[in-house]
Amino acid sequence: MVESKSEKAEVGREDVEAPKEDMEADAPAEAQVKVFTVEILRVIKDMQLQHGLRHGDFQRYRGYCSRRVKRLRKTLNLPQGDRRHYKKRNVTLVHLEKPDSDERFLHIPLMLAERTWSYAMQLRQESNTEPRKRFHLIEKLRKSCVYALQLQDLCASDRCDARTKLEAEAYSAWIHGSLHFELSLWKSAAENLKKAQVIYENLAQAMPEEEQSVYRAKVEELKPSLRYCAYNVGENASVNDLLEMRGQSGLLDNLSHLVAQTKAESMEAFQMTEWRGRSVTVRPEKVRLFLLSIQELNKSIEKAKDFPAKIEMLENVLLDCKDAIAAIKDEIKQDPKLRQNATDGGTGALIGIQYLLAYMSYTRLKLTLERNLLLVAQAKLTLDDPNVAEKSQATGGGKKTKPQDLSRLYEIILQNVTEMQQLNGMENDASYQAEMDTLSLSFRAFRCYYIAITLVAMKRWREAVAMYERSKKYANDASNSKTPCRDFDLRNELKQLVATIEGCKFSAHAYSVLEDDTADDTVLFGKSQKSSKPLYERLSHYKEDATLNTRNPNVFKMIPEMEPIPAKPLFFDLALNFVEFPSLEDKIEQKAAGKGATAGMSGFVKGLFGWGGGANK
């Protein structure tokens with residue numbers, strides 16, 4: 001029994017240890033899935049601009065690279081000996097294959113190559129006055145090539161993605177091309193520089209639009225060196241022929257495969273959307289979800305039972321659209337380069353993220369316009385339009401809509417169209433502006449039509465006819481336009497509006513003629529007509545006024561009107577300053593002497609008998 005229990009206990013231990021072993025076996029497998037991505041060209045360009053190369057200070061950049069390598073070795077626990085002894089330790093594949101590996105291991109050989117390259121460029125500046133330093137320059141470039149090859153070997157492993165492999169290969173080719181250029185080995189220099197240029201061109205095509213500028217700038221930077229190499233190579237051989245010959249031997253045979261893999265990875269990381277014939281990447285998660293949600297929006301709106309439900313649905317979508325626009329603006333603020341482009345207000349074409357912002361702003365305005373059109377359609381149900389023979393009666397007996405309410409709605413719609421015309425980056429798009437002009441003319445035609453109906457209700461016939469004419473002109477211009485709006489095609493509604501205006505215009509003209517005839521008849525046959533003038537002012541014209549038989553007849557104005565009169569003048573006594581008065585000094589002296597005698601007698605009496613104030617203080 002004891003043995004059986006112990007056997008069971010051992011079996012239980014094995015069962016417990018078996019899952020542990022499986023977990024331990026799965027852990028490295030999960031750790032190996034981690035793939036590093038190092039944007040080599042962008043990293044070195046940012047560091048160069050921030051640490052001296054903006055002003056051509058290669059010594060400062062070399063010092064930064066040395067400090068950077070020291071910090072990386074300390075952080076990654078990869079020292080080269082101690083304070084007393086030096087022991088060289090390079091980064092190897094073993095460091096990258098560790099479970100806790102870090103992509104910063106790849107930065108160490110990159111910084112070492114950059115340090116030696118910057119030292120070489122410093123020596124090149126000094127070699128203008130000291131030719132012997134050119135030998136030191138070549139040695140530093142050779143050392144930089146060694147570190148670049150180390151970086152290329154490390155990036156060729158499975159722990160790095162295709163983009164990092166291509167960038168490491170291009171960087172190594174550029175360093176070797178720079179060395180051969182200094183050694184006047186024109187053929188090999190042209191081969192390496194052309195190889196780097198081809199890789200950077202393919203990377204620019206595979207990357208999103210906002211990341212292409214770095215690679216295209218590098219391609220342009222290599223062109224002068226390639227032209228000089230082609231000049232020194234001679235006319236019999238060109239750089240492209242040399243590259244093709246080298247490509248047949250397997251140097252660039254995997255370039256297309258790596259570029260295709262990079263494109264696939266970028267397509268997985270970013271979703272593409274298209275607007276007006278241009279594709280743009282969508283990186284923010286909120287924007288992706290919003291674009292997916294509005295794909296079936298039209299079908300959902302058609303399924304809604306009434307206008308309030310449709311309007312509510314569009315308002316909810318508008319809230320999501322505003323959140324998506326806020327996410328794009330936050331991304332622009334976080335990226336310093338995108339923020340600088342936004343503040344500069346670049347005159348050229350918009351980059352990817354800014355074009356996406358313009359597209360989302362257009363989508364918001366389009367949804368707002370659709371909501372306002374639904375409000376117009378809802379208001380037409382209760383509109384008492386005398387020009388429409390068949391009118392749909394609204395259920396529920398709600399408040400009737402007035403024509404001026406519809407004219408206000410179209411005014412708001414025209415404001416939305418104006419905002420569409422002023423979208424950032426679309427001011428120079430001629431086709432887009434033509435579409436917006438056509439859309440503006442369409443809504444102006446509808447607005448003028450409802451203004452004319454309002455004037456008809458006020459019996460202002462001449463103004464109504466003028467507004468009908470203007471509405472017809474706008475409608476014809478919009479219908480005959482060669483660039484109708486893609487999202488809002490209103491040509492059928494405009495044709496129907498023109499047909500309606502033809503009848504309305506003649507009707508208003510007839511009413512105006514009839515009104516003139518009735519005015520003449522009232523004068524001839526003496527019908528009662530109200531007048532605001534009192535009777536004494538219109539004695540020469542006979543008009544019957546029923547108000548004359550009432551309690552307050554308009555015969556004469558009892559209270560006269562106010563008339564301006566001159567104000568009462570103010571008088572100022574200016575002669576007082578020039579009048580000389582008689583002297584009164586003799587009278588003033590006599591009064592002063594009388595007061596002094598009285599005071600002396602009273603003081604003598606008070607002091608003699610000891611009474612009076614002020615003696616004992």
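The following exercises, each with a worked solution, concern pockets, surface, backbone and salt bridges in a predicted model.

Residues are numbered from 1 along each chain as its sequence is written, and side-chain values use heavy atoms, with hydrogens and water left out. As the model is predicted, local features need pLDDT of at least 70 and side-chain atom pairs count only at pLDDT 80 or more, while totals for chains, interfaces and linings use all residues.

**Exercise 1. Describe the second largest pocket by its volume, its lining and the helices that supply the lining.**

Solution.
Step 1. A pocket is an open set of points on a 1 Å grid over the protein atoms alone, with protein on both sides within 12 Å along at least five of seven lines; a cavity is a set where a 1.4 Å probe fits but cannot get out, and lining residues have an atom within 4 Å of a point.
Step 2. The volume of the second largest pocket is about 430 Å³, a volume being the space filled by probe spheres set on the points, which are joined across faces, edges and corners.
Step 3. Its lining has 19 residues, of which Trp-117, Trp-174, Ser-178, Lys-218 and Glu-221 lie nearest the centre.
Step 4. At least two lining residues come from each of helix H2 (40-50), helix H5 (107-126), helix H7 (162-182) and helix H9 (212-233); helices (H or I, at least four residues) are DSSP runs, numbered from the N terminus.
Step 5. By residue class, the lining of the second largest pocket holds 10 nonpolar, four polar and five charged residues. Here Ala, Val, Leu, Ile, Met, Phe, Trp, Tyr, Cys and Pro count as nonpolar, Asp, Glu, Lys and Arg as charged, and the others, Gly among them, as polar.

**Exercise 2. Characterise the largest cavity by its space and its lining.**

Solution.
Step 1. The count comes to four cavities of 30 Å³ or more.
Step 2. The largest cavity contains about 60 Å³ of space.
Step 3. Among the residues that line the largest cavity are Thr-438, Ser-442, Cys-485, Asp-489 and Arg-491.
Step 4. Helix H18 (430-457) and H20 each supply at least two residues of this lining, and H18 gives the largest share, three residues.
Step 5. The lining of the largest cavity divides into seven nonpolar, two polar and two charged residues.

**Exercise 3. Which residues make the nonpolar surface patch of about 710 Å², and is Ile-559 buried or exposed?**

Solution.
Step 1. Patches are made of residues with over 30% relative accessible area and no salt bridge; like charges are joined within 9 Å and nonpolar side chains (Val, Leu, Ile, Met, Phe, Trp, Tyr) within 5 Å. Accessible areas come from the Shrake-Rupley method with a 1.4 Å probe, and for residues only the protein chains shown count as cover.
Step 2. The patch is made by Tyr-536, Leu-539, Val-555, Phe-556, Met-558 and Ile-559.
Step 3. Ile-559 is located in the loop between helix H20 (491-525) and helix H21 (585-609).
Step 4. With a relative accessible area of 71%, Ile-559 is exposed; exposed means over 50%, buried under 20%, and partly exposed in between.

**Exercise 4. State the phi values of Asn-77 and Ser-184, and place both residues in the chain.**

Solution.
Step 1. Most residues other than glycine have a negative phi.
Step 2. Asn-77 has a positive phi, near 60 degrees. This residue, Asn-77, is in the loop between helix H3 (58-75) and helix H4 (93-96) and is exposed at 61% relative accessibility.
Step 3. Ser-184 also has a positive phi, near 65 degrees. Ser-184 is found in the loop between H7 and helix H8 (186-206) and is partly exposed, at 40% relative accessible area.

**Exercise 5. Analyse the salt bridges of Arg-408 and Glu-411.**

Solution.
Step 1. A salt bridge requires a side-chain nitrogen of Lys or Arg within 4 Å of a carboxyl oxygen of Asp or Glu; the whole structure has 18 salt bridges.
Step 2. Arg-408 pairs with Asp-405, their closest N and O atoms being 2.8 Å apart. These two residues, Arg-408 and Asp-405, are separated by about one helical turn because they are three residues apart in helix H17 (residues 403-421).
Step 3. Glu-411 pairs with Arg-447, with closest N and O atoms 2.6 Å apart. This pair links distant parts of the chain, Glu-411 in helix H17 and Arg-447 in helix H18, 36 residues apart.
Step 4. Glu-411 is partly exposed, with a relative accessible area of 32%, and Asp-405 is partly exposed at 28%.

Note on methods. Buried means under 20% relative accessible area, exposed over 50%, partly exposed in between (1.4 Å probe, protein chains only).
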